[in-house]
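Below are my comments on the model you sent, set out as numbered points. They go from the overall fold to single helices and then to the cysteines.

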Amino acid sequence: MARTVEDLVVWQLSRELMNDVFDLCDELPTNSRNYGLQDQIKRAVISIMSNISEGASRSSLKEYGRLLDYANGSSAEVRTQLIVFQDRGFAEPKRVEVLRNKCRRISAMIIGLKRSLAA
């Protein structure tokens, strides 16, 4: 069992995804054309790991589960925003697919963690 939230593999993978997304954004010129999208995807990817952390700190399993739902929703949001990055020519399809697969893995792990709370 994890001693801290940072020991959770799902949190570690979320951190890795956050760094990948920030790296992607850092490669783009910041201008009015893409600033809003960059800001939104950064907020969403940070929200994944933040909600996992916040949930783990709660004393109520119900609250923990709710915050895991938020983290999973943020993962879905990042997946969608990555499609926008691809469609607008801000990222190559192969790179987007790698990142979307990380999001899918994170979502599956979040669902598994939430199920383990109910057991």
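1. Which pattern does the chain follow, read along the sequence? The pattern is α-α-α-α. In this predicted model, the chain has four helices and zero strands. The radius of gyration of the chain is 15 Å, close to the 14 Å that the globule rule gives for 119 residues, so the chain is as compact as a globular protein of that length.

2. On overall dimensions, the C-alpha atoms fill a box of roughly 45 × 25 × 20 Å along the principal axes. The accessible surface of the chain is about 6900 Å², and carbon and sulfur atoms account for 51% of that surface. Of the 119 residues, 40% are buried. Among contacts with a separation of 6 or more, 71% are between residues 24 or more positions apart.

3. Helix α2 covers residues 35-57. Its 23 residues should span 33 Å at 1.5 Å a residue, and its end C-alpha atoms are 33 Å apart, so the span agrees with expectation. Please note, however, that α2 has a kink of about 25°, centred on Ser47. Ser47 is also one of the buried residues of this helix.

4. Which other residues of α2 are buried? The list holds Leu37, Gln38, Ile41, Ala44, Val45, Ile48, Met49, Asn51, Ile52 and Gly55 in addition to Ser47. The cover over the buried residues of α2 includes α1 (9-26), α3 (61-87) and α4.

5. Helix α4 takes in residues 93-118. With 26 residues, α4 reaches 38 Å from its first C-alpha to its last, close to the 38 Å expected at 1.5 Å a residue. The buried residues here are Val96, Leu99, Arg100, Lys102, Cys103, Ile106, Ser107, Ile110, Leu113 and Leu117. What covers the buried residues of α4 includes α1, α2 and α3.

6. Two charged side chains by name, Arg100 and Lys102, appear among the buried residues of α4. Why does Lys102 count as buried? Its relative accessible area is 16%, and the cut-off for buried is under 20%. Beyond its neighbours within four places in sequence, Lys102 is in contact with Leu13, Glu16, Leu17 and Asp20.

7. Cys103 also lies in helix α4. Because its relative accessibility is 0%, Cys103 counts as buried. Leaving aside neighbours within four places in sequence, Cys103 is in contact with Leu17, Ser75, Val78, Arg79 and Leu82. Leu17 is thus on the contact list of Cys103 and on that of Lys102. As for Ser53, which is 50 residues from Cys103 along the chain, the two C-alpha atoms are separated by 17 Å.

8. How many disulfides does the model have? The count is zero, the rule being a pair of cysteine sulfur atoms within 2.5 Å. Cys25 is in no disulfide, and the nearest cysteine sulfur, that of Cys103, is 12 Å away. From the other side, Cys103 is in no disulfide either, and its nearest cysteine sulfur is that of Cys25, at 12 Å.

9. Is Cys25 buried or exposed? Cys25 is buried, because its relative accessible area is 2%. Cys103, at 0%, is buried as well.

Conventions: Residues are numbered from 1 along each chain as its sequence is written. This is a predicted model: local features need pLDDT of at least 70, side-chain atom pairs count only at pLDDT 80 or more; totals for chains, interfaces and linings use all residues. Side-chain values use heavy atoms; hydrogens and water are left out. Buried means under 20% relative accessible area, exposed over 50%, partly exposed in between (1.4 Å probe, protein chains only). Contact means heavy atoms within 4.5 Å. The expected span of a helix is 1.5 Å times one less than its number of residues. The bend at a residue is the angle between axes fitted to the seven residues ending there and the seven starting there. The radius of gyration is taken over C-alpha atoms; the globule rule is 2.2 Å times the number of residues to the power 0.38. Accessible areas come from the Shrake-Rupley method with a 1.4 Å probe; for residues, only the protein chains shown count as cover.
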